[in-house]
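The following paragraphs walk through a protein model, from its overall layout to single residues. Please keep the sequence and the coordinates open while reading.

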Amino acid sequence: MKKIFVLAVFLAVLFLPARYSSGQETSIAVGPFPQKVVVKYLFPAGTATTEAQLIAITKSSALKFSSGIGEQEKEQIESMPGLPYRNMICAAKSGNILWVGTSMGAARYDGKEWQYLEGPEYLLDDRVISIAISDDGTAWLATAKGVT
């Protein structure tokens, strides 16, 4: 009896996966995958970031870099679940995308999840003092050392 049971289990393990996988091919659809493309514009040592420099780099006088946000909006954003770092300095929103600048990097929220950018791979300086978003959705993150 024990040999029959072992044989039945062996045959089930051997043939059942083949039965369920044959002829039932599945595929997954791959949608657009957002990429982090980073371009850095370094300011000369000892110079401060100015509105004129930011406009020259972004080649758009229509951009408005904003460093200040209202207290109520700040409290609202800082209470959002998942925000990686809560020491907010600035914020900007375009459509459904929210960018937050902090003293320890920047965060991007698309309505579902946060992406966090910090360190030399993404920013010239971790303290993001101002953010502007161009018409095409490009975010410009200003720091004391330059713009990313």
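The protein has three helices and eight strands, where helices (H or I, at least four residues) and strands (E, at least two) are DSSP runs, numbered from the N terminus. Read from the N terminus, the order of the elements is α-β-α-α-β-β-β-β-β-β-β. The model is predicted, with pLDDT of at least 70 needed for local features and 80 or more for side-chain atom pairs, whereas totals for chains, interfaces and linings use all residues. Residues are numbered from 1 along each chain as its sequence is written, and side-chain values use heavy atoms, with hydrogens and water left out.

Of the 148 residues, 30% count as buried; buried means under 20% relative accessible area, exposed over 50%, and partly exposed in between (1.4 Å probe, protein chains only). The protein exposes about 10,200 Å², and carbon and sulfur atoms supply 58% of this area. Accessible areas come from the Shrake-Rupley method with a 1.4 Å probe, and for residues only the protein chains shown count as cover. Among the contacts in the protein with a separation of 6 or more, 43% come from residues 24 or more positions apart; contact means heavy atoms within 4.5 Å.

An open sheet of four strands has the order β2-β3-β4-β5, with antiparallel pairing; two strands pair if DSSP finds at least two bridges between them. The edges are taken by β2 and β5 (114–117), each with a single partner strand, so one side of each has no neighbour in the sheet. On average, neighbouring strands of this sheet are turned by 15° against each other, direction ignored. Helix α3 (residues 71–78) packs on the sheet and touches β2 and β3; its direction makes about 85° with that of β2. For such angles, axes are lines fitted to C-alpha atoms, for helices over the stretch in contact, and the values run from 0 to 180 degrees between N-to-C directions.

How much of strand β2 (residues 88–94) is buried? Five of its seven residues are, so β2 is largely enclosed by the rest of the structure. Six bridges join β2 to strand β3 (residues 97–102), and the two run antiparallel. K93 has L98 in β3 as its bridge partner. Two residues lie between the strands of this hairpin, in which G95 takes a positive phi near 65°.

At the other side of the sheet, strand β4 (residues 105–109) and β5 are joined by four bridges and run antiparallel. The bridge partner of A106 in β5 is L117. R108 also lies in β4 and, at 19% relative accessibility, counts as buried. Leaving aside neighbours within four places in sequence, R108 is in contact with I97, L98, W99, E113, W114 and Q115. The C-alpha atoms of R108 and I97 are separated by 6.9 Å, although these residues are 11 apart along the chain.

The structure holds one aromatic pair. Its members are Y109 and W114, whose ring centres are 4.7 Å apart and whose planes are at 35°, so the pair is tilted. Rings of Phe, Tyr and Trp (its six-membered ring) pair if their centres lie within 6.5 Å; planes under 30 degrees apart count as stacked, over 60 as edge-to-face and the rest as tilted. Both Y109 and W114 are buried.

Beyond this sheet, β6 and β7 pair in the antiparallel sense over four bridges, with I133 opposite A139 in β7. Five residues separate the strands of this hairpin, and G137 in the turn has a positive phi of about 95°. In a regular strand the side chains alternate between the two faces of the sheet. Both faces of β6 are covered, since S130 and A132 on one side and I131 and I133 on the other are all buried.

The largest nonpolar core has 12 residues, among them C90, A92, I131, I133, A139 and L141. A nonpolar core is a set of buried Ala, Val, Leu, Ile, Met, Phe, Trp, Tyr and Cys residues joined through side-chain atoms within 4.5 Å. β2, β6 (130–133) and β7 (139–143) each supply at least two residues of the largest core. Apart from it lies another core, of 10 residues, including L83, V100, A107 and W114.

Finally, T148 lies in the segment after β8 (146–147). Is T148 buried or exposed? With a relative accessible area of 11%, T148 is buried. Beyond neighbours within four places in sequence, T148 is in contact with residues including V38, Y122, L124 and W140.
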